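Here is a short report on a set of coordinates. It starts with how the copies meet and then turns to the fold and the charged pairs.

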There are 2 protein chains.
Amino acid sequence: MNEHLQAFIEETKFVIDEKLPQSIRALNAPASLKDAMIYSLEAGGKRIRPLLLLATLKGFDKSFETGYELACAIEMIHTYSLIHDDLPAMDDDDLRRGKPTNHKVFGEATAILAGDALLTHSFERIASSQLAPEKVVRLIKELAIAAGPVGMIGGQVADMEGEERALTLEELTYIHNHKTGDLLTYSIVAGAIIADASEEDVERLRHFARELGLLFQIKDDLLDVEGEQELIGKPLGSDVGNNKSTYPSLLGLNETKEVLNAHYDVALESLHKVSMNTNLLESLADYIKNRNH
Amino acid sequence: MNEHLQAFIEETKFVIDEKLPQSIRALNAPASLKDAMIYSLEAGGKRIRPLLLLATLKGFDKSFETGYELACAIEMIHTYSLIHDDLPAMDDDDLRRGKPTNHKVFGEATAILAGDALLTHSFERIASSQLAPEKVVRLIKELAIAAGPVGMIGGQVADMEGEERALTLEELTYIHNHKTGDLLTYSIVAGAIIADASEEDVERLRHFARELGLLFQIKDDLLDVEGEQELIGKPLGSDVGNNKSTYPSLLGLNETKEVLNAHYDVALESLHKVSMNTNLLESLADYIKNRNH
């Protein structure tokens with residue numbers, strides 16, 4: 001990872017790791033609820049979504065502050081989705097990033113409500129930003145679509161329904177495009193909207209982001225087969241053990257790597273047409289493609 | 001119930017009962033998810049919150065259409081909260097309004113996701129309204145506060161934590177003010193905001209609505225002791241059986257009725273100061289106070 005990207009990541013992570021939990025602590029809400037919300041926000045993670053948003057803003061020479069509330073909102077929505085996905089009725093996971101999952105620590109009822117609270121509060125945060133009202137309304141609408149029944153939740157339902165059977169590549173792509181892709185895409189599109197990018201550039205970045213989202217997921221599948229367990233923090237080969245359809249299981253390892261490279265090339269081609277400084281987004285795309293956890 | 005109110009209720013109920021489920025059906029989302037969302041939206045209920053919103057608008061001589069998206073959003077949020085409250089990890093209810101609860105029909109995982117989807121989609125609906133952007137941002141912010149950790153969810157957590165012990169009247173009032181009161185209050189305040197009411201009138205209506213919310217809950221407690229089971233659709237005396245603190249258990253039946261009347265009087269006193277036609281809201285307050293289910 002280059003030094004420039006490293007410094008940017010540290011700045012962003014500080015804001016999300018430190019300031020976001022503090023702002024939850026300040027809410028006038030029951031302590032147990034805030035503890036549960038903060039526990040999962042502090043569980044770490046790569047903060048990829050805030051990074052993508054803030055890197056997009058930086059590429060348009062906009063200040064970090066213009067995207068701060070939105071970065072927090074996106075990370076809260078990502079965190080709520082993990083809490084609910086881990087529930088016994090869903091994936092029934094005991095560990096997340098090497099730590100006990102939310103419901104293991106706080107109980108199922110509080111975990112469900114902490115997820116609901118993070119989701120609801122994220123919209124308050126965006127509505128409290130100092131951006132122009134027209135922009136705020138558009139950002140909220142696109143976020144609700146990306147995270148809602150047509151987006152992330154729809155992808156999660158399709159994923160659940162697909163668990164019991166072999167999927168086609170098309171079905172697998174649908175799941176990834178929505179379950180993880182829509183919120184990743186939104187992170188970049190939101191940066192472009194905040195930065196007053198032209199509609200053409202918004203669509204070019206949307207295209208870049210969709211490809212990047214698939215890249216992210218294909219890499220995840222590859223890491224599950226090839227990665228080192230202690231770096232990932234979950235049992236290795238768990239997808240194989242579940243008979244879950246993945247890119248490697250459908251395409252084999254070699255073709256999966258070719259597909260990974262193809263999505264990378266298409267992503268970069270679209271990115272290079274955008275009128276902005278693309279260095280940071282390129283570095284992030286490289287990082288996503290080459291990460292080892 | 002007077003004829004004027006009856007006609008207004010039927011018009012509102014038609015919109016919520018028919019048009020809202022149709023709009024969900026039209027979403028490009030997995031069929032099973034939409035089925036689960038629609039099932040609970042169609043489970044009936046009094047549609048009190050949309051009624052309060054639209055009655056407020058009507059009192060300011062504003063058209064039904066200006067509040068339609070918001071009425072749908074509020075009812076979706078109320079419905080999501082019922083789906084999640086009924087889950088095995090929460091109240092573990094098998095029946096709601098005499099029908100099997102969402103998770104009994106669709107399974108726990110889909111019920112959790114249907115709730116998440118209704119909550120998220122409600123913000124898309126408001127952001128899609130034709131109101132002025134400044135107004136939409138304010139409406140979204142106030143809704144996220146009312147339904148979030150400081151509002152409805154905070155009240156639900158306090159309710160859960162209070163189940164195992166005797167509550168003080170102050171604690172019971174806190175729970176009701178947030179668990180049910182905040183969204184009822186929002187319904188009226190949102191109508192006033194849409195109608196460009198003066199800030200003084202917004203606050204008078206907020207006060208009216210808070211009192212009305214308590215009235216609603218105290219009446220619920222009374223109905224649980226005195227009501228007729230087939231009209232309510234849940235086992236009668238269930239609060240007593242659970243040793244749950246209620247107004248009658250804390251104050252006795254006679255004093256509870258006095259408190260009910262006192263909240264009614266304070267509510268009406270505040271309402272009468274507002275520059276609007278208060279007939280419908282008065283009729284709704286009477287209906288809430290005198291209903292038998």
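The copies meet through the same surface, because 100% of the interface residues of chain B are also interface residues in chain A. This is a predicted model, in which local features need pLDDT of at least 70, side-chain atom pairs count only at pLDDT 80 or more, and totals for chains, interfaces and linings use all residues; side-chain values use heavy atoms, with hydrogens and water left out. Residues are numbered from 1 along each chain as its sequence is written, while chains are lettered from A and ligands numbered from 1 in the order in which they are written.

**Symmetry**

A turn of 180° and a shift of 0.0 Å along the axis lay chain B on chain A with an RMSD of 0.0 Å. That is the relation of a two-fold axis. The superposition is by least squares on the C-alpha atoms of residues with pLDDT of at least 70 in both copies. In chain B, P133(B) comes closest to the rotation axis, its C-alpha lying at 2.7 Å.

**Chain A as a whole**

Chain A has 15 helices and two strands. These are DSSP runs numbered from the N terminus: helices are H or I of at least four residues, strands E of at least two. Chain A is as compact as a globular protein of its length, because its radius of gyration of 18 Å is close to the 19 Å that the globule rule gives for 293 residues. The radius is taken over C-alpha atoms, and the rule is 2.2 Å times the number of residues to the power 0.38. The C-alpha trace of chain A spans about 50 × 50 × 35 Å along its principal axes.

Of its 293 residues, 58% count as buried. Buried means under 20% relative accessible area, exposed over 50%, and partly exposed in between (1.4 Å probe, protein chains only). Contact means heavy atoms within 4.5 Å. Among contacts in chain A between residues at least 6 apart in sequence, 73% join residues at least 24 apart.

A111(A) sits in helix α6 (residues 108–127) of chain A. A111(A) is buried, at 0% relative accessible area. Leaving out residues up to four places away in sequence, A111(A) touches I83(A), H84(A), L87(A), N102(A) and H103(A).

**Charged pairs**

Side chains of opposite charge can pair when their charged atoms come close. A salt bridge here is a side-chain nitrogen of Lys or Arg within 4 Å of a carboxyl oxygen of Asp or Glu. Over all chains the count is 38 salt bridges. Three of them follow.

| Acidic residue | Basic residue | N to O distance |
|---|---|---|
| E142(A) | R138(A) | 3.7 Å |
| D159(A) | K179(A) | 2.7 Å |
| E75(B) | R47(B) | 2.9 Å |

E142(A) and R138(A) are about one helical turn apart, because they stand four residues apart in helix α7 (residues 133–147) of chain A. E142(A) is buried at 18% relative accessibility, whereas R138(A) is partly exposed at 27%. Both belong to a network of salt bridges with E199(A), E203(A) and R206(A).

D159(A) and K179(A) form a salt bridge at 2.7 Å. They link distant parts of the chain, 20 residues apart: D159(A) is in helix α8 (residues 152–162) and K179(A) in helix α9 (residues 169–194) of chain A. D159(A) is buried, at 9%.

E75(B) and R47(B) meet in a salt bridge at 2.9 Å. This pair also links distant parts of its chain, 28 residues apart: E75(B) lies in helix α4 (residues 68–86), R47(B) in the loop between α2 (31–41) and α3 (48–59) of chain B. E75(B) is buried at 1% relative accessibility. R47(B) is buried at 3%.
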